[in-house]
Amino acid sequence: MKIVVLGATGTIGKAVMELLQSKGHEVIAAARSTSPSIDITDPASIDRFYAQVGEVDAIVSVAGEAAFVQVDKLTDEQVQLSINSKLLGQINMVRKGLTRLRPNGVAVITGGFLAYIPAPQTAMIAMVNAGLEGFTKAAALDLTEGRRILIVHPPWVAETAAALGMDPSPWPNAAKTAEAYLTAIEGTKTGKPIFVEGFTPSGS
Ligand SMILES: NC(=O)c1ccc[n+]([C@@H]2O[C@H](COP(=O)([O-])OP(=O)(O)OC[C@H]3O[C@@H](n4cnc5c(N)ncnc54)[C@H](OP(=O)(O)O)[C@@H]3O)[C@@H](O)[C@H]2O)c1
């Protein structure tokens, strides 16, 4: 399959790209720092990217920023970044990519555990993740010719937890997290949240 991996230079995205390549897929790495480059906060940049890449079998988004800040300390800019980047950026990546997505193709976007199990300082992240899940469930109903859409909700990833000074031991590493994206791509589900094996939140 020809697969765009948005965020392919990141902690999870790099592991997703490597896993997909190990399965023989052709991966087009996408980020602000790749060539062709893409900035998902700029709709024109997304259009330019797809014009260069052409038709694909899968669009996998593992990118987007959202503020990790106590709710009463959030600035207007941090609220706007969370919406423009992780929420709207991924929605536009899918929406604009649909004209390039072949029949039976799949779009996979990234939310996160915090949609289900919020923690202090994560109001923006939880809001965006829940919004992306709502988008996924509804957009699936509009897709045609076998096209699918799914959202992966990673828990903390061990590498990120370690970088934040947290205990990484309870969490899956990026390579294990990447398997959830492969499950989404190779499966038949649509309009559903996908969790890393062993990390499905109760009540989901
Ligand atoms: N790591 C975790 O523990 C964890 C847990 C749950 C959910 N998530 C979610 O998973 C996603 C990836 O997390 P991560 O930790 O792998 O992130 P990361 O290491 O910071 O990597 C982010 C990736 O996205 C790209 N990117 C960022 N902003 C972009 C933009 N505006 N346009 C295009 N590309 C952009 C970055 O490349 P450039 O800078 O070159 O553009 C990079 O490739 C995020 O949405 C995060 O919220 C992460």
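**View 1. The shell around the ligand mixes twelve nonpolar, ten polar and four charged residues.** In this count, Ala, Val, Leu, Ile, Met, Phe, Trp, Tyr, Cys and Pro are nonpolar, Asp, Glu, Lys and Arg are charged, and the others, Gly among them, are polar. The model is predicted, so local features need pLDDT of at least 70 and side-chain atom pairs pLDDT 80 or more, while totals for chains, interfaces and linings use all residues. Residues are numbered from 1 along each chain as its sequence is written, and side-chain values use heavy atoms, without hydrogens and water. Altogether, 26 residues surround the ligand (each with a heavy atom within 4 Å of it). Thr9, Arg32, Ser33, Lys86 and Thr160 are the closest.

**View 2. Here are polar contacts of the ligand with Arg32, Ile12 and Ile40.** A polar contact pairs N or O atoms within 3.5 Å. The side chain of Arg32 places an N or O atom 2.7 Å from a ligand oxygen. At Ile12, a polar backbone atom is 2.9 Å from an oxygen atom of the ligand. Ile40 also uses its backbone: an N or O atom there lies 3.0 Å from a ligand nitrogen. On its own the ligand has 890 Å² of accessible area, and the protein covers 80% of that (Shrake-Rupley method, 1.4 Å probe).

**View 3. The loop holding Pro36 contains a cis peptide bond.** Look at the bond from Ser35 to Pro36: omega is near 0°. Pro36 belongs to the loop between strand S2 (26–30) and helix H2 (43–53). Helices (H or I, at least four residues) and strands (E, at least two) are DSSP runs, numbered from the N terminus.

**View 4. Asn104 has a positive phi although it is not glycine.** Its phi is near 70°. You can find Asn104 in strand S4, residues 101–110.

**View 5. Residues 3–78 carry a UniProt annotation.** The unreviewed entry lists "domain: NAD-dependent epimerase/dehydratase" there; such annotations may be inferred rather than shown by experiment. This stretch is 34% helix and 20% strand, and its end C-alpha atoms are 31 Å apart.

Conventions
A polar contact is a pair of N or O atoms within 3.5 Å; within protein, one must be able to donate a hydrogen and the other to accept it, and residues adjacent in sequence count only if both atoms are side-chain atoms.
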